[in-house]
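This briefing concerns the structure shown below. Please examine it alongside the notes that follow, which are grouped by topic.

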Amino acid sequence: MTVVETTYREAMRAALRDAMTRDERVFLMGEDVGRYGGCFAVSMGLLEEFGPERIRDTPLSESAFVGAGIGAAIGGMRPVVEVMTVNFSLLALDQILNNAATLLHMSGGQVAVPLVIRMTTGAGRQLAAQHSHSLEAFYAHIPGLRVLAPATLEDARGMLWPALLDPDPVILFEHGSLYAVSGPLEDAAPEVDITSAAIRRAGVDVTVVAWGGCLGKALAAAETLAAEGISAEVVDLRVLRPLDSATVLASVRRTHRAVVVDEGWRSGSLSAEVAARIAEEVFYDLDAPVERVCSAEVPVPYAKHLEDAALPQAETVAAACRRAVGAGG
């Protein structure tokens with residue numbers, strides 16, 4: 001087994017190549033995924049490798065091509081549908097919510113929809129509001145879906161294949177700021193568990209729950225806090241539906257404090273769901289109120305200084321941890 005330096009983008013591409021090699025029923029479709037190589041270059045070169053029957057460009061019609069993916073999945077194929085950004089996915093929300101998520105249940109288990117929808121999410125790249133929002137909570141709200149947020153190279157490489165084996169439709173959120181992140185990765189990375197959260201850093205003083213583009217900021221905050229004598233445990237939620245509460249609650253029972261980091265808006269957010277579960281299940285283990293670090297409740301600004309100010313940052317995560325442990329901040 002060889003370890004190679006790779007990027008998150010290349011890891012996703014390797015996952016697609018691997019899935020298409022394993023199963024001839026797997027194909028990719030979406031806007032500009034063919035000759036252009038994908039808006040974020042994830043599918044670069046796959047058209048030449050697998051041909052136009054399996055790398056299919058679609059019109060600018062999210063509802064139409066997501067619906068076509070649902071039909072193909074019902075017909076026995078294993079489609080991977082790429083939606084350019086989560087903002088545009090709202091144009092296909094009817095297909096996702098009223099068809100993909102419901103058909104297995106409404107048919108009494110007779111009509112499975114083994115569809116994977118990949119979409120870019122998140123801010124930090126000065127693409128302004130209509131290309132930058134984090135709407136993971138919208139999809140994590142919907143029963144019938146599995147919602148994943150790979151934040152590491154290993155998860156980017158390893159989550160796609162098990163997602164394609166799932167009889168339920170799976171939403172795969174790829175944070176746009178991660179595509180250029182690089183690091184070492186085994187060329188034949190193992191498949192990844194798509195049912196559980198993961199502890200990315202052990203600690204004893206406070207639990208920091210994060211996912212997607214916020215995981216790196218949480219880890220950076222933990223590093224800063226370590227130099228101050230505060231030991232933060234970082235939990236990568238990574239499976240946003242169904243939530244792995246057990247891993248989060250076990251961590252909070254150990255540390256007695258919790259900070260939830262969410263690039264979504266605070267009101268009605270996924271962070272609210274995590275905080276509520278902590279309050280319901282381990283309230284008497286807490287030594288401090290649960291802290292939440294979320295985006296400002298505004299459309300994501302274009303100007304860099306305003307965008308930075310609107311988003312959770314490592315500094316604001318560290319400050320919340322200090323408040324939780326009673327060290328100021």
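Which helices and strands each supply at least two residues of the lining of the largest pocket? In this predicted model, those elements are α7 (136-140), β12 (239-241) and α12 (270-282). The notes begin with the domains, turn to the pocket, and then consider two helices of domain 2 (198-325).

**Domain arrangement**

- The domain assignment divides the chain into domain 1 (3-186) and domain 2 (198-325).
- Taken over C-alpha atoms, the centres of domain 1 and domain 2 are separated by 26 Å.
- Contacts between the domains involve 32 residues of domain 1 and 25 residues of domain 2.

**The largest pocket**

- The space in the largest pocket amounts to about 240 Å³.
- Its lining consists of 14 residues, and those closest to the pocket centre are A140, H141, R241, L270 and E273.
- Both domains take part in the lining of the largest pocket, with at least three residues drawn from each of domain 1 and domain 2.
- Helix α12 provides four residues, the largest share of that lining.
- Sorted by class, the lining residues of the largest pocket are eight nonpolar, three polar and three charged.

**S271 in helix α12**

- S271 is located in helix α12, the helix that contributes the largest share of the pocket lining.
- Is S271 buried or exposed? S271 counts as buried because its relative accessibility is 0%, and the cut-off for burial is under 20%.
- The side chain of S271 forms a polar contact of 3.2 Å with the side chain of R292.
- Leaving aside residues up to four places away in sequence, S271 touches W211, V260, D262, R292 and C294. R292 therefore appears both among the residues touched by S271 and as its partner in the side-chain polar contact.

**Helix α11 and its surroundings**

- Helix α11 spans residues 245-255, and its buried residues are S245, T247, V248, L249, S251, V252 and T255.
- An α-helix has 3.6 residues a turn, so residues three or four places apart point the same way.
- Which elements cover the buried residues of α11? They include the strands β9 (198-201), β10 (206-210), β11 (232-236) and β13 (258-265), together with α12.
- Helix α12 thus has a part in covering α11 and in lining the largest pocket.
- H256 follows α11 and has a positive phi, near 70°.

Key
Residues are numbered from 1 along each chain as its sequence is written. This is a predicted model: local features need pLDDT of at least 70, side-chain atom pairs count only at pLDDT 80 or more; totals for chains, interfaces and linings use all residues. Side-chain values use heavy atoms; hydrogens and water are left out. On a 1 Å grid over the protein atoms alone, a cavity is a set of points where a 1.4 Å probe fits but cannot get out, and a pocket is an open set with protein on both sides within 12 Å along at least five of seven lines; lining residues have an atom within 4 Å of a point. Grid points are joined across faces, edges and corners, and a volume is the space filled by probe spheres set on the points. Ala, Val, Leu, Ile, Met, Phe, Trp, Tyr, Cys and Pro count as nonpolar, Asp, Glu, Lys and Arg as charged, and the others, Gly among them, as polar. Domain bounds come from an automatic or database domain assignment. Buried means under 20% relative accessible area, exposed over 50%, partly exposed in between (1.4 Å probe, protein chains only). A polar contact is a pair of N or O atoms within 3.5 Å; within protein, one must be able to donate a hydrogen and the other to accept it, and residues adjacent in sequence count only if both atoms are side-chain atoms. Contact means heavy atoms within 4.5 Å.
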